[in-house]
Amino acid sequence: MEFRDRLKSLRKEKGITQEALGNDIHISRSAIAKWEAGLGLPNEDSIIALCQYFSVERCDLFGDTQTEELLVKKNVKIKHHKRVIAILISALVIVIAIFSSLQIYNTIQIRSKQQETALLKTFVPTITKLSFDHPYTNIEETVPMEEGHYVLNFEKWTKVYFEIEADDRLFQNWYTFHPQFENFDNMYLNILSSRWIECDNGFMRRFSCFVYIRPQNENITTLKLSNFILFHTLEGVGYEKECAINVEPLPIAIKRNR
């Protein structure tokens, strides 16, 4: 006698319905119906519950070895599937956790970069020095002075030096400077050197530069830096920033060669 027939016979001998049996051993009525129809076999816990309920041995439930073998194989397969499912669920949880962590990290990085970029847009470079003297050596010829005025030749291009201070992060990508002097032509801006200086907000970079200038007329009495523009990029976007000018005009006199 197969398991399905034996289960049905024991239930009828006891005079109970499938639903009553299911309630007594805490199994659904549909599971009992499926077993009696030969559409499935109970797991190990359900077998123990059936044996205790009907006061029979395990061998009394399974009248042939084939059914017992099928049950053993089924239980082994179920346990294997449970292990595989548990492993897959664990792996999925780990993947989700890693993905979520990366998403959070990337979001934090993006927000941090956006905040830094917004902050850098507010920083204004400052021109801190304007001079005809070379910042590092006196070997080069300096502009002569007469009665407290620097004497410039009307036909000649003359070097004028200046220093710029700005947040170092402004110069991590492409950049260039463009100075403008009142009543002077200028060309060939060159950076002599740059160095880092520590400040309250991190590090500033101080540039020593020079540019060639030439007067546009002979009536000029001061060399005044009227504007100074920094062109630079942040995150691939170009920006134009007007620098602060913290220097006094230089007194000059214009002469022609005789």
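This report walks through three helix packings and one cavity in a predicted model.

**How the helices pack**

Two packed helices are described by the angle between their axes and the distance between the axes. Here are the three pairs side by side.

| Helix pair | Angle between axes | Axis distance |
|---|---|---|
| α1 (residues 3-14) and α4 (residues 44-54) | about 35° | 11 Å apart |
| α2 (residues 18-25) and α4 | roughly 105° | within 10 Å |
| α2 and α3 (residues 29-36) | roughly 115° | within 8 Å |

Let's start with α1 and α4, whose axes lie 11 Å apart at an angle of about 35°. The crossing of α1 past α4 is left-handed. On the α1 side, F3, L7, L10, R11 and K14 make the contact, and they meet L50, Y53 and F54 of α4. Sorted by class, that contact comes out as six nonpolar and two charged residues, with no polar ones.

Now for α2 against α4. Their axes cross at roughly 105° and come within 10 Å, so α2 sits roughly perpendicular to α4. From α2, the residues involved are L21, D24 and I25, while α4 brings A49, L50, Y53 and F54. This contact has six nonpolar residues, one charged residue and no polar ones. L50, Y53 and F54 of α4 thus turn up in the contact with α1 and again in the one with α2.

The remaining pair is α2 with α3, where the axes come within 8 Å and cross at roughly 115°. Here α2 goes past α3 in a right-handed crossing. The α2 contribution is Q18, E19, L21, G22 and I25, and α3 answers with R29, I32, A33 and E36. The class count for this contact is four nonpolar, two polar and three charged residues. L21 and I25 of α2 touch α3 here, and they are also among the residues that contact α4.

**The cavity**

Rolling a probe the size of a water molecule over the atoms shows where empty space is left. How many cavities of 30 Å³ or more does the structure hold? There is just one, and the largest cavity has a volume of about 50 Å³.

Its lining is made up of K129, S131, D133, H134, P135, Y161, F162, E163, S208 and C209. Strands β1 (126-131), β4 (158-167) and β7 (202-215) each put in at least two of the lining residues. Which strand gives the most to the lining of the largest cavity? That's β4, with three residues. As for chemistry, the lining of the largest cavity splits into four nonpolar, three polar and three charged residues.

Definitions and conventions: Residues are numbered from 1 along each chain as its sequence is written. This is a predicted model: local features need pLDDT of at least 70, side-chain atom pairs count only at pLDDT 80 or more; totals for chains, interfaces and linings use all residues. Side-chain values use heavy atoms; hydrogens and water are left out. Axes are lines fitted to C-alpha atoms, for helices over the stretch in contact, and angles run from 0 to 180 degrees between N-to-C directions. Helices (H or I, at least four residues) and strands (E, at least two) are DSSP runs, numbered from the N terminus. A crossing is left-handed if the near helix is turned anticlockwise from the far one by less than a right angle, and right-handed if clockwise. Contact means heavy atoms within 4.5 Å. Ala, Val, Leu, Ile, Met, Phe, Trp, Tyr, Cys and Pro count as nonpolar, Asp, Glu, Lys and Arg as charged, and the others, Gly among them, as polar. On a 1 Å grid over the protein atoms alone, a cavity is a set of points where a 1.4 Å probe fits but cannot get out, and a pocket is an open set with protein on both sides within 12 Å along at least five of seven lines; lining residues have an atom within 4 Å of a point. Grid points are joined across faces, edges and corners, and a volume is the space filled by probe spheres set on the points. Angles under 35 degrees count as roughly parallel, over 145 as roughly antiparallel, 65 to 115 as roughly perpendicular and the rest as oblique.
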